[in-house]
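Biologist: I would like a close look at one part of this model, a helix and the sheet under it. Please keep to what can be computed from the atoms.

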Amino acid sequence: MHAVIKAIEARQPALSAIRRDLHAHPELAFDERRTSGIVAERLRALGIETHTGIGKTGVVGIIRAGSGARSIALRADMDALPIIERNTFAHASHHPGRMHACGHDGHTTMLLGAAEYLAVQRNFDGTVVLIFQPAEEGEGGAREMLADGLLERFPFEAVYGMHNWPGLPAGSFAVHSGPVMASSDPWYIHLRGRGAHAAMPHQGIDPITAGSGIVQALQTLITRSRDPLEPAVLSVTQFHAGDTDNVIPDRALLAGTVRALTHAMRDKLESEMGRVIQGLAAAHGVQAEFDYQRGYPPTVNAAAEAALCAKVARAVAGEAHVHTDMPPSMGAEDFAFFAEKRPACYVWIGNGPGEDGCMLHNPFYDFNDELLPIGASYWVRLVETALSA
């Protein structure tokens, strides 16, 4: 039985209308001008101190109550994905090639719903920083907001995030301390051999053969160089070489991603990859340039903040609907940049069964509007608990 705040529950039709409008007008990373405009307009209409253009298109709202000096931050992401939506309902994307396929429309709306209530009731003592972040989907909007002085301009002592999770029962929560999501590190291998006629391979140095060997050898780093009890993923996702069937090319490009839950594992895999790549390149007589890039770090929940969030989730959803044993996801989140700067907690809110293709990053995905008052109530109770008067 959900203990949803009645005033927020009464606002569900209005919140659903906001969410569906955002879904119909998705905007990609750092282009969330309409979305951020709607957010800023609604915050200002509530009398909330509002700052725009943080991290390019980010919005920050400030709500103060009482005389307390403590401050916490709540974060929602706003961007959509470059996906062609396959849904046919009325609020499907009006912009071909852009789609809210990850629920950021719902995340934004839940935080707006909480802002409405907090701005009126102010049943807390301190400051709430509302972070409406751009460009979560691979472009690092959190990093850009930090670089733009987010912490210096709007100090907070802890930060909290929430993401919907298909497959988890609707309105339930999952939260635990420690790693929640993995790092995401892209890498590139440039191989240079010597081109030749395909009928005379002995006159060339084949980068495709070398690349094929590298692809196979990289997989052994997961099966033989990694502790089997420590999660990690190494995926080769691109192999580009050649333009025609009768020429051995002189170059090849391989690319992929590494996912890990600790910085130590990231370091180990980067080092081991370099060793394997250079060794096999030398064996095949090709030159190899290895470019390993540090992307999103692991998202790690602090113990005290995770315990607080679990307590609040139980108050909103009930004991039976809060899961503390859900394993980490090997997906990645740029909320991790916030979590590196301040104690943090990132929770999952169940979006329902996820059947019929309604999974994240799927062209048939749609956020479950039943979650809007539940998620907004969670945000409010979190503020009221963390900043109790």
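Which residue takes a positive phi just after α4, and of about how many degrees? Please go on from there to the sheet and what packs on it.

Modeller: The residue is R122, with a positive phi of about 50 degrees, just after α4. Helices (H or I, at least four residues) and strands (E, at least two) are DSSP runs numbered from the N terminus. The model is predicted, with local features requiring pLDDT of at least 70 and side-chain atom pairs 80 or more, while totals for chains, interfaces and linings use all residues. Numbering starts from 1 along each chain as its sequence is written, and side-chain values use heavy atoms, without hydrogens or water.

Helix α4 covers residues 104–121. Its end C-alpha atoms are 26 Å apart, which agrees with the span expected for 18 residues at 1.5 Å a residue (1.5 Å times one less than the number of residues). Of these 18 residues, 16 are buried, so α4 is largely enclosed by the rest of the structure (buried is under 20% relative accessible area, exposed over 50%, partly exposed in between, with a 1.4 Å probe and protein chains only).

The helix lies across β2 (58–65), β3 (71–77), β4 (126–133) and β5 (158–165), at about 145 degrees to β3 (axes are lines fitted to C-alpha atoms, for helices over the stretch in contact, with angles from 0 to 180 degrees between N-to-C directions). These strands belong to an open, mixed sheet of eight, in the order β1-β2-β4-β3-β5-β16-β6-β15 (strands pair if DSSP finds at least two bridges between them). Its edge strands, β1 (49–54) and β15 (322–323), each pair on one side only.

The loop between β1 and β2 holds K56. K56 is not a glycine, yet has a positive phi of about 80 degrees. Its relative accessible area is 53%, so K56 is exposed. K56 also lies over the face of F30, 4.4 Å from the ring centre (NZ of Lys or CZ of Arg must be within 6 Å of the centre and within 35 degrees of the ring normal).

Further along the sheet, β6 (residues 173–174) and β16 (residues 344–350) run antiparallel and are joined by two bridges. F173 stands opposite I349 in β16. Helix α9 (residues 303–317) packs on the sheet here, touching β5, β6, β15 and β16 (contact means heavy atoms within 4.5 Å). The direction of α9 makes about 30 degrees with that of β16. Among its buried residues are L308, C309 and V312, and what covers the buried residues of α9 includes β14 (299–301) and α11 (371–386). Just after α9, G318 takes a positive phi of about 95 degrees.

Strands β5 and β16 also carry an aromatic pair, W165 and W348, 183 residues apart. The rings are tilted, at 4.2 Å centre to centre and 45 degrees between the planes (Phe, Tyr and Trp six-membered rings pair with centres within 6.5 Å; under 30 degrees is stacked, over 60 edge-to-face, the rest tilted). W165 is partly exposed at 22% relative accessible area, whereas W348 is buried at 2%. Ring pairs link both tryptophans with F335, F338 and Y346 in a cluster.

Beyond β16, in the loop leading to α11, is H361. H361 has a positive phi of about 65 degrees and is not a glycine; at 41% relative accessibility, H361 is partly exposed.
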